[in-house]
4 protein chains.
Amino acid sequence: MSEPQTSIKPHDAARQALVEHRSRQLLDAAARLMERDGSEAVSMQALAAEAGVSVGLIYRYFGSKDDVLLAVITDVLGAFSTTVPEAVEEAGEDPVRRLAAAFAAYCRVIDSHRHAAVLTYRESKSLDEAGRDRIKRLEVETSEPLRAAVRDGVEAGKLVAADPDLVAYNLLLLAHAWALKHWYFEQTRTLDSYIRDQLALALRAILADGLGDAYADLLSVGR
Amino acid sequence: MSEPQTSIKPHDAARQALVEHRSRQLLDAAARLMERDGSEAVSMQALAAEAGVSVGLIYRYFGSKDDVLLAVITDVLGAFSTTVPEAVEEAGEDPVRRLAAAFAAYCRVIDSHRHAAVLTYRESKSLDEAGRDRIKRLEVETSEPLRAAVRDGVEAGKLVAADPDLVAYNLLLLAHAWALKHWYFEQTRTLDSYIRDQLALALRAILADGLGDAYADLLSVGR
Amino acid sequence: MSEPQTSIKPHDAARQALVEHRSRQLLDAAARLMERDGSEAVSMQALAAEAGVSVGLIYRYFGSKDDVLLAVITDVLGAFSTTVPEAVEEAGEDPVRRLAAAFAAYCRVIDSHRHAAVLTYRESKSLDEAGRDRIKRLEVETSEPLRAAVRDGVEAGKLVAADPDLVAYNLLLLAHAWALKHWYFEQTRTLDSYIRDQLALALRAILADGLGDAYADLLSVGR
Amino acid sequence: MSEPQTSIKPHDAARQALVEHRSRQLLDAAARLMERDGSEAVSMQALAAEAGVSVGLIYRYFGSKDDVLLAVITDVLGAFSTTVPEAVEEAGEDPVRRLAAAFAAYCRVIDSHRHAAVLTYRESKSLDEAGRDRIKRLEVETSEPLRAAVRDGVEAGKLVAADPDLVAYNLLLLAHAWALKHWYFEQTRTLDSYIRDQLALALRAILADGLGDAYADLLSVGR
DNA sequence: GATGAATGAGGCTTCATTCAT
DNA sequence: GATGAATGAAGCCTCATTCAT
């Protein structure tokens, strides 16, 4: 960011690769740890042990524990910004199908980073104002595919939503809820049935009249 | 031994009142602290300072820090179990109106205990298995009015919901979301508009055909 | 001690009786507590609870926790100064039999105050210099019957001891050892067999030549 | 992973040495503290200050305060298991001389770890069941040389003891007594005279008839 | 006399962070 | 680049002691 980039020396490339590798190694270890022991239990020494590096090394790649936390969260949010748009594209042109695909992709990312996802909800003193703001901005940004799909649907006359942003944000929340209230939903649902049922419910509220048949597959419920 | 035991000593009543008063004092202080500095700030010393008592005194009323946290959460959940049913009763017989009243009441309780409500989402090592289980049970229990209203509505033919429990739980989540994502919603909404819009959106998904006019007031959106 | 004693008013007698009763009540409770939970576990609140009085009351009878400890120890040592001489008197004129009786009495008192006896060995910061000195003086004093018996025996030509004081003090130590190393001795011995065997062993070292037959009963070992 | 594993890294040796050094440093500091201020003074902060290290560092070498205490005690008991057998060997073949040497060695170890030795007698809540058991076992084990010497003496016909274990354990106790009742013995004795007199007294009880002349040097008393 | 609520210093332990090697 | 020993502030909790009632 503040590094001079006038000419990329081969040395720099190697360094860059190492930084990449170490960061990934640490981020994965952190995620693994949170998954295993809960996100509270991640001390820097535990993280070092899990990643198989020394404590000191962490500080070479992340300025502080906050930075690690921030990076873990950013990492998840980053997963959204690549995975979700991909899924949307694959869904084709239809805004309703795109919306469905976006929500499903959202839920799947959440599912594979369950504990990291919950982190977003920790209003920790550790994360300073700047960090929190960045996360909030990122979260809003990554929800953009959902928002766009809803808007497109409305414009195309296939969806009816007085407040497209609210609809989109609710879907985001329900995706998060899969992680937040996993203890509740897992009693009666699989990830797939969760996605299907929530989607069906949401569409019922916003699908334009007469389109029920066209999207019957998305409106079906139960197993 | 040499004490007269003819009747319940007035002393006991006084003691009971003191216990009540101290507990309230501490719980309120804890809530205040979370409101002001974030829920991380609830150290025992900070709590003591905020409540204007000594650290040792806290331990006369709560066995440990866990107990305090548990009590704060229980306190909020307790507020649901008195406020929500009252609101539902006042709403009359109609299940749709009862549902609306329940959701509104939920949101209002959340709003007045915003930071304590967020506590439920903290998977802290502090709360042990038993404590977490108790909270989960309580949460499910307190969501019962919502569930009952949805079920009644379905039975009365006024609502159409393939999975009433999911509908009810989603409403619960959206009520919580007012606290969890307050930073987001407060940019564009007041509590009242939040309640109105979320309710309208939810009803659109489940209101039986042809009842739109009867509940037009609940379906209106915007400011 | 520093109270004026010019005339004993009936009121004073009553007060005196109460003081006596309360002290006994507290001392017994303390002993009970030490017996049950180990002498470390005796907090003032635990003592109050065990004695069935309030914390504050303890401070009316004992100036501090140290005082209570001191009193408990003094209490045990006091038991020696009444019980042991009595036992010695009952044993008759013979110094050897008096010695045997003294040792047995010592052991029995120790046995019935096992945990309190161990207290003497705690070099606690709690007990100040004055307290420690007082205990040491008392201990030396209460061992006097043993010492006297040994000296008499030597004078009477029935015992041979280059250092009567050492002999007497060793016996005192062995009596204490019944409490200190109870976990060891209880594996193979009862109190009675402990007394008998230790006495037999000690007498072998000091009994004058040719008296073995006269005290054959004291020299027998085993069960 | 990328580390060469051809041989044991010299690094490990250095680490081992550091661990050794730190443990010794801390154990010595603990002993010094007990010596100076009494065994109550061993708070973790006091220990850190005395050892000239930080509080946190202690926890790198000992898991808890219990561990430190246990290690201090184990340390003394360890001194027995090396020093005493050596002294016994140097004493030659004769079981009586071996016994004398063992007792003297015992007393000398006790003398140089006086306050730590007293620790064994503290039935602290800190030491848990496992710790106490371990100490008890160690203590019994380290008294083995004494026991062996007595048994050998009996077998060789040089000692007469109905209960060799009791004789040995008493000698152990008397060695401890030098620490426990140092305030008493130091009034009239040096360590050397203590050893001599106690040994003489003990031998009188168990030396076989007619051997008084052979061991006259061990039976002499006084200064 | 008696109570017990209240205090707060002090003890144990954890863990983010630094720095010499 | 990497290590991990070392630091020390901060958190939780206990308990001897006081004092208003």
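In this predicted model, B:Arg147 touches A:Tyr184, B:Val140, B:Asp165 and B:Ala168, leaving aside residues up to four places away in sequence. B:Arg147 belongs to helix H8 of chain B, which spans residues 144-155. The residue counts as buried because its relative accessibility is 6%, and the cut-off for that class is under 20%.

A second topic is the protein surface around DNA strand E. There are 35 residues around this strand, and those that come nearest are A:Met44, B:Arg22, B:Arg60, D:Tyr59 and D:Lys65. Of the atoms of DNA strand E that come within 4 Å of the protein, 62% are from sugar and phosphate. By residue class, the surface near the strand divides into 15 nonpolar, 11 polar and nine charged residues.

Polar contacts from chain A to DNA strand E include the following.

| Residue | Protein atom | Atom of DNA strand E | Distance |
|---|---|---|---|
| A:Met44 | polar backbone atom | phosphate oxygen | 2.5 Å |
| A:Gln45 | side-chain N or O atom | base nitrogen | 2.8 Å |
| A:Lys65 | polar side-chain atom | phosphate oxygen | 2.6 Å |

Several helices give two or more residues to the surface near DNA strand E: helix H2 (44-51) and helix H3 (55-61) in chain A, and helix H1 (10-37) and helix H3 (55-61) in chain B. Chain C adds helix H1 (10-37) and helix H3 (55-61), while chain D adds helix H2 (44-51) and helix H3 (55-61). With five residues, H3(C) gives the most to this surface.

Methods:
Residues numbered from 1 in each chain as written. Chains lettered and ligands numbered in written order. Predicted model: local features only at pLDDT ≥ 70, side-chain atom pairs only at ≥ 80, totals over all residues. Heavy atoms only, no water. Helix = DSSP H or I, 4+ residues; strand = E, 2+ residues; numbered from the N terminus. Buried < 20%, exposed > 50% of the residue type's maximum accessible area, 1.4 Å probe, protein only. Contact = heavy atoms within 4.5 Å. Near = heavy atom within 4 Å. Polar contact = N/O pair within 3.5 Å; in protein donor to acceptor, adjacent residues only side chain to side chain. Nonpolar A, V, L, I, M, F, W, Y, C, P; charged D, E, K, R; others polar.
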